[in-house]
Amino acid sequence: MSLRRSAWRTHERNPHQKAVRRLDDAVSLMVRERDRDILCVLSFENGCDPGNRMQCGHFIQRERMATRFHPMNVNKECAKCNTSHVSGYRPDKGFPYSLAIDAKYGNGAALFLYSLSHPKHGLGPSSDESWDVSEIEQLISAASLGFRAYAQLYYSLRPHHRFPGEVVHSCAPATDMA
Ligand SMILES: [Zn+2]
């Protein structure tokens, strides 16, 4: 067994990493259900075919744990966008995705998420934004009950993650973004 493979197996056995992956899966299912009646989050930009396979895409990349499970950071996104250079949180993707986030959740929402995930810029909180296994397990359970239960629990665990300017109808049809 190579060292690389051994390291991977150790990684896989880490209870925290396992919990994170299970929550990723639970959130993905929940978000696709939440957004079932709207288009890919980048449709306004890319004219996505509604028949494309849909995934749960992240505005701020998943590696940023502060916003990995944030209700506004996860959105239904077609596989074509999610795997293309315009979809990753890279300089060439950030602007259209930022517009989509603001259109969906309210003006300033994109900057709010960016600030939460980039405290080094002095825009966001400096507190520890990691998630422990207990919190993750609670979120997995809530996600299985649906988005409303998930959001309620999420914001009770992280009150400062609630965007003050969030619009009431956060799941408005994507066609309204034009
Ligand atoms: Zn798309």
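**Figure 1. Helix 7 and helix 8 pair up in this predicted model.** The axes of helix 7 (residues 133–145) and helix 8 (residues 147–157) come within 7 Å. They cross at roughly 155°. Angles over 145 degrees count as roughly antiparallel, and helix 7 and helix 8 are therefore roughly antiparallel to each other. From helix 7, the contact takes in Glu135, Gln138, Leu139, Ala142, Ala143 and Leu145. From helix 8, Ala149, Tyr150, Leu153, Tyr154 and Leu157 take part. Sorted by class, the contact of helix 7 with helix 8 has 9 nonpolar residues, 1 polar and 1 charged.

**Figure 2. Gln152 sits in helix 8.** Is Gln152 buried, exposed or partly exposed? Its C-beta atom has 13 others within 10 Å, so Gln152 is partly exposed. A residue of helix 7 gives a useful distance here: the C-alpha atoms of Gln152 and Ala142 are separated by 8.7 Å. Along the chain, Gln152 and Ala142 are 10 residues apart.

**Figure 3. Helix 6 is largely enclosed.** Why is helix 6 described this way? Of its 9 residues, 7 are buried, so the rest of the structure largely encloses helix 6. The buried residues are Ala109, Ala110, Phe112, Leu113, Tyr114, Leu116 and Ser117.

**Figure 4. Leu116 is a buried residue of helix 6.** Helix 6 spans residues 109–117. Leu116 has 23 other C-beta atoms within 10 Å. A residue needs 20 or more to count as buried, so Leu116 is buried. Which distance links Leu116 to Thr67? Their C-alpha atoms are separated by 6.9 Å, although Leu116 and Thr67 are 49 residues apart along the chain.

**Figure 5. The largest nonpolar core has 23 residues.** Cys40, Leu42, Cys48, Met72, Ile101, Ala109 and Leu113 have the most contacts inside this core. Helix 5 (91–105) and helix 6 each supply at least two of the core residues. Which helix gives the most to this core? Helix 6 does, with 6 residues. Another core lies apart from this one. That other core has 13 residues, including Val27, Phe69, Ala143 and Tyr150.

**Figure 6. Cys40 and its contacts.** Which residues does Cys40 touch, leaving aside its neighbours within four places in sequence? Two of the partners are also cysteines of the chain's later stretches: Cys78 and Cys81. Cys48, Asn52, Met54, Lys76 and Glu77 are in contact with Cys40 too.

**Figure 7. Glu63 lies in a loop between two strands.** The loop runs between strand 1 (54–58) and strand 2 (74–78). Is Glu63 buried or exposed? Glu63 has 9 C-beta neighbours inside 10 Å, so it counts as exposed. The C-alpha atoms of Glu63 and Ser117 are separated by 9.7 Å. Along the chain, Glu63 and Ser117 are 54 residues apart.

**Figure 8. The whole protein, for orientation.** The protein has 8 helices and 2 strands. Along the sequence, they follow the pattern α-α-α-β-β-α-α-α-α-α. Of the 178 residues, 31% count as buried. Take the contacts between residues at least 6 apart in sequence: 70% of them join residues at least 24 apart.

**Figure 9. Confidence in the model.** The mean pLDDT of the protein is 84. A pLDDT of 70 or more is reached by 76% of the residues. Where does pLDDT stay under 50? This happens over residues 170–178. For residues 170–178, the model has 15 contacts beyond four places in sequence. Where pLDDT is low, the predicted coordinates should not be read in detail.

Conventions
Residues numbered from 1 in each chain as written. Predicted model: local features only at pLDDT ≥ 70, side-chain atom pairs only at ≥ 80, totals over all residues. pLDDT = per-residue confidence, 0-100. Contact = placed C-beta atoms within 7 Å. Helix = DSSP H or I, 4+ residues; strand = E, 2+ residues; numbered from the N terminus. Buried ≥ 20, exposed ≤ 12 C-beta atoms within 10 Å, placed from the backbone. Core = buried A, V, L, I, M, F, W, Y, C linked by C-beta atoms within 7 Å. Axes fitted to C-alpha atoms, helices over the stretch in contact; angles between N-to-C directions. Parallel < 35°, antiparallel > 145°, perpendicular 65-115°, else oblique. Nonpolar A, V, L, I, M, F, W, Y, C, P; charged D, E, K, R; others polar.
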